[in-house]
Amino acid sequence: MSYRIAIDIGGTFTDGVIENAATGEVRLAKRLTTQADPGEALADVVDDLLAAVRPFNGSGSPSGAVTEVVHGSTLVTNALIERKGARTALVATAGTADVIDIGREVRYDLYDLDIQMPKPLVEREHRFELAERIAADGAVLAAPGQAEIDAVVEKLRRSGAQSVAVSFLHSCVNPENEIRVGDALRAALPDIAISLSSRVAREIREYERTTTATANAFVQPIVAKYLNELSARLRQAGIDAPLRIMVSSGGSTSAGIAAEVPITTLESGPAGGVLSAANAGRAAGFDDVLAFDMGGTTAKICTVVAGAPSIVHAFEAARVRRFKKGSGLPLLIASIDLIEIGAGGGSIARISDLGLLTVGPDSAAADPGPACYGRGGRSATVTDADLTLGYLNAGFFLGGRMTLDASATQAALQRLGDRLSLKLLEVAKGIFNVVNEAMAAAARVHIAEKAQDPRRFTMVATGGAGPVHAVEIARKLRLPRVLFPIAAGTGSCLGFLAAPIRVDRSWSKPQGLETVDWQQIATTLADLKREAEQELNSALTSPADVVWQISLEMRYVGQGANLTVSFPWRSITPAFEAELDAAFRKAYEASYGGVLPAGSLEVVTWRIVGATRQDIKRFVWPTGNAPSAARPKAHRAIFCTQANNMTDVPVYDRYALGSGTRLRGPLILEESESTIVVPVEADVEVLGDLSVLIHLGGE
């Protein structure tokens, strides 16, 4: 018997899932995140998971039977937001060290007279320059001299830098000078982490590439330390299995690669939620889904079309204004294209400057948490509103392992109500509606930007708070169905277990299609694939079928926006030119309704992606024989949104409902890690794998 473990550290809860690798059976664990030392909650979750399978493991130790651990966290995101990284230095081409100050010279808000721009991660006194130069076509115009390198080494030594980013002009085309300097720095300063921009983001746009390299350097030492401590904690638990880390593109990699390029793990947790939704949707026969993952701190939304989420290669982190595009640090990393808003169970309700009720984006998180947690929190939160509206069972939170304090909730809501001249129930209803409308509005924009019709999607809801709010948000969006997979409260972890092992490589060299040196392209892509294969093999624990793909960013000469065309891996020859021309014009016409007959084409960036084949992963809930008749375990008054009043509804134990069970809402389905709330008239169906499907009838 062998097991796989997945662990997700979120802002409020740390989730864990252990899977029987042979049967797909899963068991869950959930603990409040320990903010001071996230590894403490992680270790507790691992212990809980091992205890859950110990009675079924025969005489053997379950820890020794663990063959793989997959992990995602908010460590990198939090380090960038809180500016709690390593002391970082930058080595740049002479005359370019201020590029991270200059940026794009674009104001994200034209009318904000006190606008704040994102502060660079490297102070001016820790930026050093070298007289080297690579031409735009990759030719070496000037190589750095050894004496100059030695001088920079001495400056770095005196600066007290713990990590160094190296970013030279046009190194995306030819990294020769960067590699030489990187090797020299590693030899002279073995205790300092080195990040080369050509390794982290080998793409055009000097500002973005340099920022990505400095961000990677900023978090590299703390991530390496964290992963070492994590490995030690796993060994203490008796687990000596490969550790894989989720990356933002929806795959996973080895812990060694994650420590080398930690910036790729920025959105590891949210990526898991999207993969979980995509996998659950495919398993239920829905290829087009709206992934909705709502935890204690944030909510994430992503469209999945034809079973796969779209990937973007530019991302913003640590925004000065959380929802203002352009107010953050631009990063050139492959990431699932999702939106994240400050709407979670712990999101704090308050009165705005206009005297209106508003919710978030700040959260009570795990410490002190919502008022109902009884840990000293005094602010009214979404979870407090959910408890007051009857959606949560105060005695069955986390399956009864945590009791909610209803009196503390009432006091927090009443304090807010007194300022708004509203009764307690009206405040709770207001919080519930405001936060749902905020998430629905964000989803509308996201779907519209994808030029999609929301009525084609099935919402797949995960996260501890997702199943509580999903039905009402789906109604606002006029979605026809909502699907709740098993273990929905720990959905990201199921996504980790379903994720492929993936590697991304890129190379930018803008050039006209008719002037491409196809031999150079073939050689460069072959080298990139060889590097990628080595990285992929370091994460594989057994032979696997790997699918390789080539994609290109192209445009008409003179345009600034690129279109991507993709192909299965193939040998590169001059005959590829005609294929590229036809593929780009077809994509351009589909996007813009026509082509430019006399337009010349330009190839900007080449990308290769290798990933293990991603088949549908079927998870099994460890339930006995469910009763033939569905009987509620209780009745409880909840706020029914259609009727606009509190109404007694049946409350069911979700996993006591057998496959094929059909019910009619309004009702509540309780499980240990979450609660499915159906506050409207709707058909409820339990599918063969015990997923729950809500038919809303397209209202």
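**Exercise 1.** In which helix is the place of T212? State also whether T212 is buried or exposed, and list the residues with which T212 is in contact, leaving aside neighbours within four places in sequence.

*Solution.* The structure is a predicted model.

Step 1. T212 belongs to helix α7.

Step 2. The relative accessible area of T212 is 0%. Buried means under 20%, and therefore T212 is buried.

Step 3. Once neighbours within four places in sequence are set aside, the contacts of T212 are V200, A201, I263, P330, L331, L332 and I333.

**Exercise 2.** Locate E178 and M294, classify each as buried or exposed, and describe the surroundings of each residue.

*Solution.*

Step 1. E178 is found in helix α5. Because its relative accessible area is 0%, E178 is classified as buried.

Step 2. Leaving aside neighbours within four places in sequence, E178 has contacts with V166, S167, F168, S171, L196, S197, S198 and R209. One of these contacts, F168, is 10 residues from E178 along the chain, and the two C-alpha atoms are separated by 6.6 Å.

Step 3. M294 lies in strand β13, which comprises residues 289-294. With a relative accessibility of 0%, M294 also counts as buried.

Step 4. Not counting residues up to four places away in sequence, M294 touches A299, A343, G344, G345, V382, M439, T462, G463, G464, A465, G466 and H469.

Step 5. For M294 and A131, the separation along the chain is 163 residues, and the separation between C-alpha atoms is 50 Å.

**Exercise 3.** Describe the largest nonpolar core, and identify the element that gives the most to this core.

*Solution.*

Step 1. A general principle is useful at the outset: in soluble globular proteins, nonpolar side chains tend to be buried together.

Step 2. The largest nonpolar core contains 110 residues, and those with the most contacts inside it are F292, I431, M459 and I694. The element that gives the most to this core is α12, with 11 residues.

Step 3. Another core, of 44 residues, lies apart from the largest one; I9, V69, L234 and A255 are among its members.

Step 4. F292 may be examined in detail. Leaving aside neighbours within four places in sequence, F292 is in contact with A299, K300, I301, M439, M459, V460, A461, T462, G466, A470 and I473.

Step 5. Helix α12 covers residues 424-449, which amounts to 26 residues. From its first C-alpha to its last, helix α12 reaches 38 Å, close to the 38 Å expected at 1.5 Å a residue. After α12 comes A451, which has a positive phi near 55 degrees.

**Exercise 4.** What is the volume of the second largest pocket, and which elements give two or more residues to its lining?

*Solution.*

Step 1. The volume of the second largest pocket is about 810 Å³. Its lining has 38 residues, and the closest to the centre are R199, V200, D504, R505 and E535.

Step 2. Two or more lining residues come from each of the following: α5 (176-188), β10 (193-196), α6 (197-200), α7 (206-236), α8 (255-260), β25 (502-512), α15 (518-539) and β28 (601-612). The largest share, 5 residues, is that of β25.

Step 3. Sorted by character, the lining has 16 nonpolar, 10 polar and 12 charged residues.

**Exercise 5.** Where are P361 and P666 placed, and which peptide bonds leading to them are cis? Then examine the backbone at R205 and A318.

*Solution.*

Step 1. The bond from G360 to P361 is cis, with omega near 5 degrees. P361 is placed in strand β22, residues 357-363.

Step 2. The bond from G665 to P666 is cis as well, with omega near 10 degrees. P666 is placed in the loop between β31 (662-664) and β32 (667-670).

Step 3. R205, although not a glycine, has a positive phi of about 90 degrees. R205 lies in the loop between α6 and α7. Its relative accessibility is 36%, so R205 counts as partly exposed.

Step 4. A318 is likewise not a glycine, and its phi is positive, about 50 degrees. A318 lies in the loop between β17 (315-317) and β18 (329-331). Because its relative accessibility is 19%, A318 counts as buried; the cut-off for that class is under 20%.

How values were computed
Residues numbered from 1 in each chain as written. Predicted model: local features only at pLDDT ≥ 70, side-chain atom pairs only at ≥ 80, totals over all residues. Heavy atoms only, no water. 1 Å grid on protein atoms, 1.4 Å probe; cavity = no way out; pocket = protein on both sides within 12 Å on 5 of 7 lines; lining within 4 Å. Points joined across faces, edges and corners; volume = space filled by probe spheres on them. Helix = DSSP H or I, 4+ residues; strand = E, 2+ residues; numbered from the N terminus. Nonpolar A, V, L, I, M, F, W, Y, C, P; charged D, E, K, R; others polar. Expected span 1.5 Å × (residues − 1). Buried < 20%, exposed > 50% of the residue type's maximum accessible area, 1.4 Å probe, protein only. Core = buried A, V, L, I, M, F, W, Y, C linked by side-chain atoms within 4.5 Å. Contact = heavy atoms within 4.5 Å.
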